[in-house]
Amino acid sequence: MSDLPAGVERRRFDGEKRLATQGPPVYGEPTADGWRAWDARRSKLGAMLETGMDTGLAGGETVLYLGAASGTTVSHVADFAGPTYAIEFAARPARDLLDASAPRDRLFPLLKDARTPETYAHVVEPVDVVIQDVATRGQAAVANANARFLDEGGLLLAAIKARSEDVVADPSAVFERELDTLRETYEILETARLEPFHEDHLGVVARRRA
Amino acid sequence: MSDETGGWFADATPDEPERASAAIRQRSADAPGDWSTRAVDAGFAADETAYYDALHEATLAATRTAVREAERADDQQLMHAVRAMDDCERTANELAERLHEWAGSLFAGAGTGIDGARDVADRDPDGPAEERAVALAERVVELADEAADLRAHIERTAPEVAPNLATLAGPVLAARLIALAGGLESLAKKPAGTIQVLGAEDALFAHLRGRAPSPKHGVIYVHEYVRGTREEDRGSAARALAGKLAIAARGDHYRGEFNPAIERQLEERMATIRARGEADE
């Protein structure tokens, strides 16, 4: 099991050891002593940490988070990371993202489309890590387009959802195709299926190539 | 303040939240920059802490405004937007054809379509005829860009207006179905069989007069489930899709809540239909 980033701990909630970060609660998660449980079933990054993938996160990084949705995962990320930019395309979940961002002074919500990075490159600085959880077709292409925010060696942590690419194809075939597209820009370091937390999702750790 | 940095703060000061918020929503840049350093150098913020505090306020304000705008959208606005998008695309393509014909007589190797127009628009005109052709090319490019902006607008607002329909059909097809029906309410009142052939009225009336076979699909043809299914099974696929679209439209109009079960049921049905093709191979 690889080390958790600083600011993320396994703590006991109702007798059960769970991942947790320190910050204001967001989605009704259990809290204890200022720590709030990080539900791996509701968060792909949480599942990547829970299944023991080596995410390379140490804590305090600057982060660009693509597909922030209601802010469930990105709120935990902002709790242990440095300045965090949260991109979400749909207005409905962005309303909840605003509530998660308001009390976190280094979390910056943006209602933008992750497929068009030029619409937020005037706001987002180069970052240490890109975290991606977008449920749109062409997920690897989105990661490639956003590689401009990473320097060589910068980290990509992505959750690829097979059913967003092709609902009827075999997920393994879909993952292979997406990984091939990712290799245009990234070196793949580790992959793992996120079962039992998320069905038909592949967690990917990759590094920006030269 | 200078505009050179290209950052969101370029022509705002920290005490102008409205301008900063508008800049975040509307400006763009090809590549990111070290905005915190540049903002401090440009005198926008005293130090990095002050910069990030200002950025937090500005992103909250910009996103709040953008969310509010999207929520104001209704089905009538969506219909205007999708019709305007179609008009812009069609006009841009027609003008691009005219331009291609003209540019071919002026410039060597002028390409076709919108891409061809972009090439022509970038040229330095020599003489009055070339000036007109290049100016026309610029209009074509602007129209094509406007169509792309309208599409992005629809992709953002359709899920607000009709979350179930937009999930199942995709935002643009959802908007088109609403426009063809004349509103979300009238779409919600249509039977699945009508939704299946919306946009194929000519073929439908030809069929009713006894001159043609019944149409299998209207605009829903562009949906991956229909187009991506082999021909023998396309009628089944169109019928299955239209059935769930009808349920989705009713959910959107009468309940207004997202129901993920509809999508799941359709996925299962489509897997069954496509399995027939695999079994035959």
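**A charged patch, a covered helix and an aromatic cluster**

Asp115(B), Asp119(B), Asp122(B), Glu138(B) and Glu142(B) form a negative surface patch. Patch members have over 30% relative accessible area and no salt bridge (a side-chain nitrogen of Lys or Arg within 4 Å of a carboxyl oxygen of Asp or Glu). Like charges are joined within 9 Å, placed at CG of Asp or CD of Glu. Helices H5 (113-121) and H6 (128-161) of chain B each give two or more residues to the patch. Asp122(B) sits in the loop between H5 and H6 of chain B. Asp122(B) has a relative accessible area of 67%, so it is exposed (over 50%, 1.4 Å probe, protein chains only).

This is a predicted model; local features need pLDDT of at least 70, and side-chain atom pairs count only at pLDDT 80 or more. Residues are numbered from 1 along each chain, and side-chain values use heavy atoms.

Now chain A. Helix H2 (residues 72-80) of chain A is mostly covered, with 9 of its 9 residues buried (under 20% relative accessible area). Among them are His76(A) and Phe80(A).

Next, the aromatic rings. The structure holds 11 aromatic pairs over all chains (ring centres within 6.5 Å). Trp8(B) and Phe9(B) have ring centres 5.8 Å apart and planes at 85 degrees, so they pair edge-to-face (over 60 degrees). Phe9(B) is buried because its relative accessibility is 0%. Phe9(B) and Phe44(B) have centres 5.5 Å apart and planes at 35 degrees, so this pair is tilted (neither under 30 nor over 60 degrees). Phe9(B) lies before helix H1 (17-26) of chain B and Phe44(B) between H2 (35-41) and H3 (48-72), so the pair ties together parts 35 residues apart in sequence. One aromatic cluster includes Trp8(B), Phe9(B), Phe44(B), Tyr85(A) and Phe108(A).

Note on methods:
Chains lettered and ligands numbered in written order. Patch = residues over 30% accessible without salt bridge, like charges linked within 9 Å, V, L, I, M, F, W, Y side chains within 5 Å. Areas by Shrake-Rupley, 256 points an atom, 1.4 Å probe, with all protein chains shown as cover. Lys, Arg positive; Asp, Glu negative; His and termini not counted. Helix = DSSP H or I, 4+ residues; strand = E, 2+ residues; numbered from the N terminus. Phe/Tyr/Trp six-rings, centres within 6.5 Å; stacked < 30°, edge-to-face > 60°.
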